Amino acid sequence: MPARFQWRWTWMSPLILFLAVMAGTAIGETTIPMQTILKVLANQLWGADYAVDRIDAGIIWNYRLSRAIVAACCGAGLALAGVVLQALLRNPLADPFLMGISAGASTGAVAVTISGLGAGALTLSAGAFAGAGLAFGLVVVLARAAGSNTGGGRGAQAAGAIILAGIAGSQLFNALTAFIITKSASAEQARGIMFWLMGNLSGVRWDDVVLGLPAALGGVLICLWHRRALDAFTFGADSAASMGIAVRPVRGILIGGMALVTAVMVSMVGAIGFVGLVIPHAMRFLVGSRHTRLVPASALAGAVFLIGSDILSRIMVPGQVLPIGVVTALIGAPAFALILVRRTRAR
């Protein structure tokens, strides 16, 4: 990437993110003028006294703005999780959804919500994190039993074993989630949870921003701090060790951090697929494979992508709001197919 373009990318990134959040706030069932949004922001943040309709002010501040910020946090966090998993596993198809982490986090969150697992001692995010960790641990065990390892293993055989183990883990935890809902939830609870499991931003508020924003920023900082290690891991664990990387501790920090980020996002909005798969590949094409550039680019693109998907979820069907996971799947599934075709032709 030329130095001049890299500099422009650096200072334009906050502007792009701000414009995306403003678009997510303005566009919806009814379009609100940007001038009204700016007046509400001035009133709330700096104590201005602009005359604004109370209903519009409530929609902007209490509903759409917080929703757009949470969408940005979730998109950034899931994209970063994809970047890390693809680097550590040396597998272009790895992401939190395919690796079972999202399914495990969903199971943990639902178990805490419905069945009261932990007798109130566990929060929703703690339950989601426990489920995410358990799911990834199961995937690792299955992959190693199949003769693979999480450091890269024997090429295509290792990659295939890890992906198959992830699919098996996802199916298992999806089944556990369905069992918990069927056994313990009322009909009304079941409808709400099933909608949430497909990805739902309708219920997020400022409390979720307080939870999601530190998680997303923490994920960015962890990845940037270990950017050299991520570059090294793309050549395999042995190569990383030869470059002085403490393989096991660094891998544990990165996987644990991304599992925590994924768990936080899933606990707020449910499982959203394809963000962690599609965004890293698109950004590698644009900015290259060096994680110094790939990490911030993926975080920004993931944030913008999920805000855009949320906008589409509100306007695609008049009078209804689609689960955001439906929109990301409609976009991500063709991209996933394209990745598979390109990998096959490259062999």
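Trainee: How many helices and how many strands does the chain have?

Mentor: In this predicted model, the chain has 14 helices and zero strands, and read along the sequence it follows the pattern α-α-α-α-α-α-α-α-α-α-α-α-α-α.

Trainee: And what share of the residues in the chain is buried?

Mentor: Buried residues make up 50% of the 347 residues in the chain. As for how the chain comes together, among contacts between residues at least 6 apart in sequence, 74% join residues at least 24 apart.

Trainee: Let's take helix 11, then. How far does it reach from its first C-alpha to its last?

Mentor: Helix 11 covers residues 247-269, which is 23 residues, and it reaches 33 Å from its first C-alpha to its last, close to the 33 Å expected at 1.5 Å a residue.

Trainee: Is helix 11 mostly covered or mostly uncovered?

Mentor: Helix 11 is mostly covered, with 17 of its 23 residues buried. It is followed by G270, whose phi is positive, near 85°.

Trainee: Which residue other than glycine has a positive phi?

Mentor: F274 is one, with a phi near 75°. It lies in the loop between helix 11 and helix 12, the latter spanning 275-287, and F274 counts as buried because its relative accessible area is 19%, where the cut-off for buried is under 20%.

Trainee: Back to helix 11: how do its axis and that of helix 4 cross?

Mentor: The axes of helix 4 and helix 11 come within 9 Å and cross at roughly 55°, which makes helix 4 oblique to helix 11. The crossing of these two helices is right-handed.

Trainee: Which residues meet there?

Mentor: From helix 4, I101, S102, A105 and S106 meet T262, A263 and V266 of helix 11. By class, that contact has four nonpolar, three polar and no charged residues.

Trainee: Tell me about S102: is it buried or exposed?

Mentor: S102, which has its place in helix 4, counts as buried, because its relative accessibility is 1%. Leaving aside its neighbours within four places in sequence, S102 is in contact with P96, F97, T262, V266 and A271, and of these, T262 and V266 are also named among the helix 11 residues that meet helix 4.

Trainee: What about helix 4 and helix 7, how do their axes cross?

Mentor: Helix 4, residues 101-114, and helix 7, residues 187-197, have axes that come within 12 Å and cross at roughly 155°, and the two helices are therefore roughly antiparallel to each other. This crossing, too, is right-handed.

Trainee: And which residues make that contact?

Mentor: In helix 4 they are S106, A109, V110 and I114, and they meet I193, W196 and L197 in helix 7. By class, the contact of helix 4 with helix 7 has six nonpolar, one polar and no charged residues. S106 belongs to this group and is also listed among the helix 4 residues that meet helix 11.

Trainee: Changing topic, where is I222, and what does it touch?

Mentor: I222 is found in helix 8, residues 206-225. Leaving aside its neighbours within four places in sequence, I222 is in contact with I253, L254 and G257, and those three fall within the 247-269 range of helix 11.

Trainee: Is I222 buried, partly exposed or exposed?

Mentor: I222 is partly exposed, with a relative accessible area of 26%. I222 and L80 are 142 residues apart in sequence, and their C-alpha atoms are 9.9 Å apart in space.

Trainee: How far apart are I162 and V139?

Mentor: I162 and V139 are 23 residues apart in sequence and 7.1 Å apart in space, C-alpha to C-alpha. I162 has its place in helix 6, residues 155-184, and it counts as buried because its relative accessibility is 2%.

Trainee: Last one, helix 13: how many residues does it have, and how far does it reach?

Mentor: Helix 13, residues 291-315, has 25 residues and reaches 35 Å from its first C-alpha to its last, close to the 36 Å expected at 1.5 Å a residue.

Trainee: Why is helix 13 described as largely enclosed?

Mentor: Because 18 of the 25 residues of helix 13 are buried, the helix is largely enclosed by the rest of the structure.

Terms used:
Residues are numbered from 1 along each chain as its sequence is written. This is a predicted model: local features need pLDDT of at least 70, side-chain atom pairs count only at pLDDT 80 or more; totals for chains, interfaces and linings use all residues. Side-chain values use heavy atoms; hydrogens and water are left out. The expected span of a helix is 1.5 Å times one less than its number of residues. Buried means under 20% relative accessible area, exposed over 50%, partly exposed in between (1.4 Å probe, protein chains only). Axes are lines fitted to C-alpha atoms, for helices over the stretch in contact, and angles run from 0 to 180 degrees between N-to-C directions. Angles under 35 degrees count as roughly parallel, over 145 as roughly antiparallel, 65 to 115 as roughly perpendicular and the rest as oblique. A crossing is left-handed if the near helix is turned anticlockwise from the far one by less than a right angle, and right-handed if clockwise. Contact means heavy atoms within 4.5 Å. Ala, Val, Leu, Ile, Met, Phe, Trp, Tyr, Cys and Pro count as nonpolar, Asp, Glu, Lys and Arg as charged, and the others, Gly among them, as polar.
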